[in-house]
Amino acid sequence: MAMNDNTAVTAPAGDYMVRIEGLRKSFGDLEVLRDVNLEVAPGEVVTIIGASGSGKSTLLRCINLLETPDAGHVWFQGSDLTADHVDVNSLREDIGMVFQGFNLFNNMDVLANCTLAPVTRKKMSKGEAETVALEHLRSVGLADFAHAAPSTLSGGQKQRVAIARALCMRPKIMLFDEPTSALDPQIVGEVLEVMRGLASDGMTMVVVTHEMEFARTVSDRVVFMDKGVIAEQGDPEQIFTAPHHARTREFLSRYLKE
Amino acid sequence: MTTASAGARPLGRLASFVLDDHRYVLLGTSVIAAMGMSLSSQPRPALSFLAGAYALEVVLYYLLVAWLVLAAVALAFKLARWKTYAQVSPFTQPTVARALRYGSYAVCGITAVLALDRLGMGIASAWQVAVTAETRPASTLESMLYMLYNSRAIFFSGFKTTVALAVFGTVIAFFLALLLVFLRIQVIDRSDNDFVRFWKVVGSGFARLYSTVVRGTPMMVQAMIIFFGVFALFKMTDLTTTQINAIWSTFTAGLVTIVLNSTAYMMEVLRGGIESVDTGQTEAARSLGLSQWEAMRKVVFPQGVKFAIPGLSNELVINIKDSSVLSVIGTFDLMFATTTVGGIYYAKFEAALVTSVIYLCLTMIASWLLGRLANRLNVKSVKLGSTSDQPVNVEEH
């Protein structure tokens, strides 16, 4: 894919985990991201809210390059992910991701799901990787399911395994792409609980979600996206109680009514 | 649903059909009785055991006739009392219904005895004639058995070659197809350098071209090109024709043809299986830092190959049949044996009939074995998921 600017630009100074500059992405004629700028500080929890099709998932997927941006830069700790020939694989080791559809590896049991990447990428021994994996599985309350097949788990359990799997790589940042949208309402809580724990442990997190209560109580900053741009961002209380933008008000009133 | 009950169900259904009283007993067994009567009116073969018990066969025959009469009476009753048949007919009384069920067993038994006497002993008689005959008998069945018996060495040799070609060809092709499909599905990754990118494009293009050419030309033509082409290459050396034939035999050329051909088809089957693996699996693996290759090898491939197993095993059955075209280059397979035997006795039709039976048996055995293999592989996955009755895959998409 042709990048319209893949010359290496020197990393901008400043204390940031992720810095996004002038990001653009189109799927065919559909312009999904139009000049997005965003900075995430270490330890910060940022939630991205917005209507379906506003580009929030695409923005998230650009951070670990599951989507290739058409233009702009994504800096991750001083490395430009959008530069050509960058070692994306090594950088992704530090960027954990949790998907809406869990995406547990169906051909492996829970433990093998967790140890695959540490063994393959970090060259950990199998025993060492299993010790680490069991520790993380215990922290999400699923140590007893280490040898279960993913298909036997409930949705909430699958998503908790997916979180543990990402944590096994000891990532510096975690990306959550609508982690509770595929779950029954009564089991959303168990996944959010794990995410709350992560946030209070100081993990840097970017969360795309429709869980407004979570966005309001857990995040340090809320980003509202509309039609491919960041329409408004700020302190959760400010966004939820006194939004500046008319579109934000409209979106939130629709959500809070439900 | 556990696997055990799923497996037992067809048998259970048959058993309950046989053991239950039901209203179709007369209708169904009348047809069987008529078949038995028709068998009884066939001429007796030489080895017929009922020939010495003429009176017994007459009794059996008239028992069948009696059954048909009974069925006719019941039918007449049904026609006369269409609406109230179930209540008024003597045939629907529980005791009568049970008697009819036992009667139906007797009818089936009689027909089986007659079938054994006429058909089973008929083949045995024909076999006896065939193995003792000096020249080929005129009757088709005896003629077939005569050729099968007298040319058994030729048939067996062809049979062995066909089985070897199909089995070795399919197994070798499977591994080559695995390699080729790797080339075929390569996509350029951001972290690749220009050298890797170049070879990925070349590899994928080669696999595509290979598949198009091989699948777009008849195997018979491929066999000729491979056999005579390589032969011509050997001719350029100092080797004599005898030496070349020792190295580049028709069997080797045939095997190479099957392998090349099967590789292309199996590659496409594998590609289909791999492409049916959810893209989320690759994304999850890539998001953890795995390279394209690692994600393929550890996550996507094992699942894709499993999806492809039915299509892959079908390739063995296809190869059993399609190896017959190799007789064009003189590979001594079952088809070549058939042509040879047919030529010796000047009985092409009977020879082809014999061979079709052998091919049919071979493919049926192969299908059965492969079905069991696939079952065993699937049972594994069912076992893993069997703690839950819910359709567990629904929420994964």
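What share of the contacts in chain B with a separation of 6 or more is accounted for by residues 24 or more positions apart? In this predicted model, residues at that distance along the sequence account for 73% of such contacts in chain B. The briefing below begins with chain B as a whole, then turns to its contact with chain A, and ends with a single residue, B:Phe336.

**Chain B as a whole**

- Chain B is built with 15 helices and 0 strands, and buried residues make up 38% of its 397 residues.
- The radius of gyration of chain B is 31 Å, whereas a compact globule of 397 residues would have a value near 21 Å.
- Taken along the principal axes, the box filled by the C-alpha atoms of chain B comes to roughly 90 × 65 × 30 Å.

**The contact between chain B and chain A**

- Chain A contributes 42 residues to the contact and chain B contributes 30 residues, and the area buried between the two chains is about 2800 Å², with carbon and sulfur atoms giving 50% of that area.
- Across this interface the rule finds 2 salt bridges, and one of them joins A:Arg121 to B:Glu294, with the closest N and O atoms 3.2 Å apart.
- The rule also finds 9 residue pairs in polar contact across the interface of chain B and chain A, with both residues of each pair at pLDDT 80 or more.
- On the side of chain B that touches chain A, at least two residues each are supplied by helix H8 (194-215), helix H12 (279-287), helix H13 (292-322) and helix H15 (348-385) of chain B.
- The largest share of that side of chain B comes from H12(B), which provides 7 residues.
- Sorted by class, the side of chain B that touches chain A holds 12 charged, 10 polar and 8 nonpolar residues.

**The surroundings of B:Phe336**

- B:Phe336 lies in helix H14 of chain B, a helix that covers residues 334-345.
- With a relative accessible area of 26%, B:Phe336 counts as partly exposed, because that class lies between the limit for buried residues, under 20%, and the limit for exposed residues, over 50%.
- When residues up to four places away in sequence are not counted, B:Phe336 touches B:Ser327, B:Gly330 and B:Thr331.
- Measuring from C-alpha to C-alpha, B:Phe336 and B:Phe159 are 9.9 Å apart in space, although 177 residues separate the two in sequence.

Note on methods:
Residues numbered from 1 in each chain as written. Chains lettered and ligands numbered in written order. Predicted model: local features only at pLDDT ≥ 70, side-chain atom pairs only at ≥ 80, totals over all residues. Heavy atoms only, no water. Contact = heavy atoms within 4.5 Å. Buried area = accessible area lost by both parts, 1.4 Å probe. Salt bridge = Lys/Arg side-chain N within 4 Å of Asp/Glu carboxyl O. Polar contact = N/O pair within 3.5 Å; in protein donor to acceptor, adjacent residues only side chain to side chain. Helix = DSSP H or I, 4+ residues; strand = E, 2+ residues; numbered from the N terminus. Nonpolar A, V, L, I, M, F, W, Y, C, P; charged D, E, K, R; others polar. Buried < 20%, exposed > 50% of the residue type's maximum accessible area, 1.4 Å probe, protein only. Rg over C-alpha atoms; globule rule 2.2 N^0.38 Å.
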